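Here is a set of short exercises to work through with the coordinates open beside you. Try each task before you read its solution.

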Amino acid sequence: MNNLKTVTVVGLGKIGLPLAAVFANNGFEVIGVDINEEVVRHVNQGKSHLLNEPGIDQLVKDAYKKNSLKATTNTAQAVRKSDVVVVIVPVLIDENDQVDYQYIDRAVLEIARGIQKGTLVIFETTVPTGDTRNRFGKKIEEISGLKMGVDFYLAYSPERVYSNRILQDLKNYPKIVGGINKESLELAATFYKKALNGSVINVKNLETAEFAKVAESVYRDVNIALANELAMFADQHNVNILDVIQAGNSQPFCHLHHPGVGVGGHCIPVYPYFFINRGLKEGLITKAREINDQMAKYAVDVIEEEVGSLENQNILILGLAFRENVKETTKSSTLLLIENFKQKKANVFVHDPLFTDKEIASFGVIPISVDHQIVKTIDVVVLQAYHDRYKHLTFDPFTNCKLVFDGRNVLPREQIESLGIRYKGVGL
Ligand SMILES: NC(=O)c1ccc[n+]([C@@H]2O[C@H](COP(=O)([O-])OP(=O)(O)OC[C@H]3O[C@@H](n4cnc5c(N)ncnc54)[C@H](O)[C@@H]3O)[C@@H](O)[C@H]2O)c1
């Protein structure tokens with residue numbers, strides 16, 4: 001066990017780079033692999049390519065100084081030199097909500113080409129239950145001729161961190177680990193204790209560890225849907241849902257979530273399909289997806305009710321990103337808002353401080369600066385992603401604005417109303 005010295009991390013993205021940097025600062029020789037040459041170049045210069053990830057710049061710099069973190073595009077070669085391989089490349093869903101394995105399958109193929117006897121392979125990417133054994137493990141066996149659990153060790157350990165506070169979460173959250181057999185589990189658990197310097201929860205097998213991560217995400221989607229349903233009902237009854245949540249959650253069994261204009265990103269709205277596509281078709285999980293995805297339509301209908309026909313009205317959506325302070329548009333509720341506003345023939349403007357005008361325009365909307373006189377022409381403002389930039393946004397220059405729809409229930413209502421602008425939230 002003490003022979004585990006060299007680790008390959010496959011995928012140096014938002015999660016993979018922090019992992020690689022932490023391992024490299026905790027006594028391991030790390031080879032980071034990515035198909036993106038720009039990412040590899042950055043890392044080999046001791047630089048992080050990530051935005052808004054506190055502590056990562058310093059950690060990558062420290063690893064660079066120690067000469068313990070290098071990067072390459074050659075997966076097989078890196079794997080050949082490694083005792084441990086950690087896989088953290090995306091598994092997504094396509095436009096038909098089917099699982100899209102293209103990135104991970106490519107990585108697995110390369111791992112199989114480089115793997116040596118005695119290597120420990122750990123998958124961290126969120127995957128449908130059973131894939132580590134039945135899809136990835138089998139593929140490695142088929143190509144390498146090595147047997148899982150016998151010639152190489154196989155484990156699964158879900159990544160449960162949150163962008164913008166990854167290093168903190170890596171320290172604080174226990175690492176769930178499952179193995180194909182006792183030896184794989186013990187090896188992986190020992191590796192994480194040293195590499196992350198934190199606690200580990202051993203579970204019975206690979207499938208329990210895979211299932212735990214997806215269950216955790218679906219729990220959030222379903223509970224947000226419940227909050228959204230209650231918020232829409234609260235709207236009809238002139239009750240403020242935030243007061244209800246605060247009061248209700250004073251009972252220790254009650255954990256009401258917060259409602260909003262939709263659930264985006266490549267996790268919470270994606271992982272329910274890892275159940276739905278495997279036979280859990282009808283029931284709460286499917287219903288929750290429907291409720292959360294129709295919140296954008298609900299918002300547009302509420303706005304229309306408040307200000308009348310939206311035809312030719314200038315609508316400004318704040319935040320293209322799916323959530324605050326990340327540059328990521330996967331399943332962003334803004335995309336659903338745009339679709340719904342366009343059906344009403346409104347003119348859609350979008351502002352997001354993390355995206356260039358060209359990137360915003362590629363979504364078929366008009367990019368706009370919130371610091372420019374042009375905001376005078378805006379009729380309705382919708383807050384979708386509460387970036388830090390919006391904490392100091394003042395609505396004084398929006399002299400023609402009739403309504404602010406606060407999709408996250410966070411804006412200063414009194415200040416907005418004092419300007420003669422109507423304010424609506426979700427369930428307020
Ligand atoms: N981002 C999050 O908030 C989050 C949270 C928890 C878990 N996760 C898990 O982490 C996974 C990765 O997420 P991320 O945010 O780091 O993604 P990301 O898109 O930021 O990074 C993925 C990286 O993998 C690289 N890549 C793709 N295919 C590759 C291959 N075949 N070989 C080598 N590199 C390859 C890409 O170039 C990219 O740099 C997710 O799919 C999810 O399972 C993410």
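**Exercise 1: two domains**

The centres of domain 1 and domain 2, taken over C-alpha atoms, are separated by 38 Å. The contact between them takes eight residues from domain 1 and eight residues from domain 2, where contact means heavy atoms within 4.5 Å. This is a predicted model, in which local features need pLDDT of at least 70 and side-chain atom pairs count only at pLDDT 80 or more, while totals for chains, interfaces and linings use all residues. Residues are numbered from 1 along each chain as its sequence is written, and side-chain values use heavy atoms, with hydrogens and water left out.

Task: find which residue ranges the domain assignment gives to domain 1 and domain 2.

Solution. Domain 1 covers 6-205 and domain 2 covers 293-425. These bounds come from an automatic or database domain assignment.

**Exercise 2: the nonpolar cores**

Task: find which residues touch the most other members of the largest nonpolar core.

Solution. Start with the criterion: a nonpolar core is a set of buried Ala, Val, Leu, Ile, Met, Phe, Trp, Tyr and Cys residues joined through side-chain atoms within 4.5 Å. Buried means under 20% relative accessible area, exposed over 50%, and partly exposed in between, with a 1.4 Å probe and protein chains only.

Next, look at the members. The largest core has 99 residues, and Phe123 and Phe341 touch the most other members. H9 gives the most to this core, with nine residues. Domain 1 (6-205) and domain 2 (293-425) both give residues to this core, so the core lies between them.

Then follow one of those residues outwards. Leaving out residues up to four places away in sequence, Phe341 touches Val300, Ile303, Leu310, Ile315, Ile317, Ala346, Val348 and Val382. Another core, of 43 residues, lies apart from the largest one, and its members include Ala20, Ile56, Ile166 and Phe191.

**Exercise 3: an enclosed helix**

Task: for helix H1 (residues 16-25), work out how many residues are buried.

Solution. Helices (H or I, at least four residues) and strands (E, at least two) are DSSP runs, numbered from the N terminus. In H1, 10 of the 10 residues are buried, so this helix is largely enclosed by the rest of the structure. Among them are Gly16, Pro18, Phe23 and Asn25. Just after H1, Gly27 takes a positive phi of about 100 degrees.

**Exercise 4: two helices that pack**

Task: at what angle do helix H6 (residues 131-144) and H9 pack?

Solution. First, the geometry: the angle is about 110 degrees, and the axes of H6 and H9 are 9 Å apart. Axes are lines fitted to C-alpha atoms, for helices over the stretch in contact, and angles run from 0 to 180 degrees between N-to-C directions. That makes H6 roughly perpendicular to H9, since angles of 65 to 115 degrees count as roughly perpendicular, under 35 as roughly parallel, over 145 as roughly antiparallel and the rest as oblique.

Second, the residues: Asp131, Thr132 and Arg133 in H6 meet Leu206, Glu207 and Glu210 in H9. By class, the contact of H6 with H9 has one nonpolar, one polar and four charged residues. Here Ala, Val, Leu, Ile, Met, Phe, Trp, Tyr, Cys and Pro count as nonpolar, Asp, Glu, Lys and Arg as charged, and the others, Gly among them, as polar.

**Exercise 5: charged residues in loops**

Task: is Glu124 buried or exposed, and is Lys345 buried or exposed?

Solution. Glu124 lies in the loop between strand S7 (120-123) and H6. Its relative accessibility is 0%, so Glu124 counts as buried. Glu124 has contacts that include Leu19, Val86, Tyr156, Lys175 and Tyr192.

Lys345 lies in the loop between helix H14 (333-343) and strand S12 (347-351). At 53% relative accessibility, Lys345 counts as exposed. Not counting residues up to four places away in sequence, Lys345 touches Leu310, Glu311 and Asn312.

**Exercise 6: positive phi outside glycine**

Task: where do Asp97 and Asn325 lie?

Solution. Asp97 is in the loop between strand S5 (92-93) and strand S6 (99-100), and Asn325 is in the loop between strand S11 (314-318) and H14. Asp97 has a positive phi of about 60 degrees although it is not a glycine, and Asn325 has a positive phi of about 60 degrees too. For burial, Asp97 counts as partly exposed at 22% relative accessibility, whereas Asn325 counts as buried at 15%.
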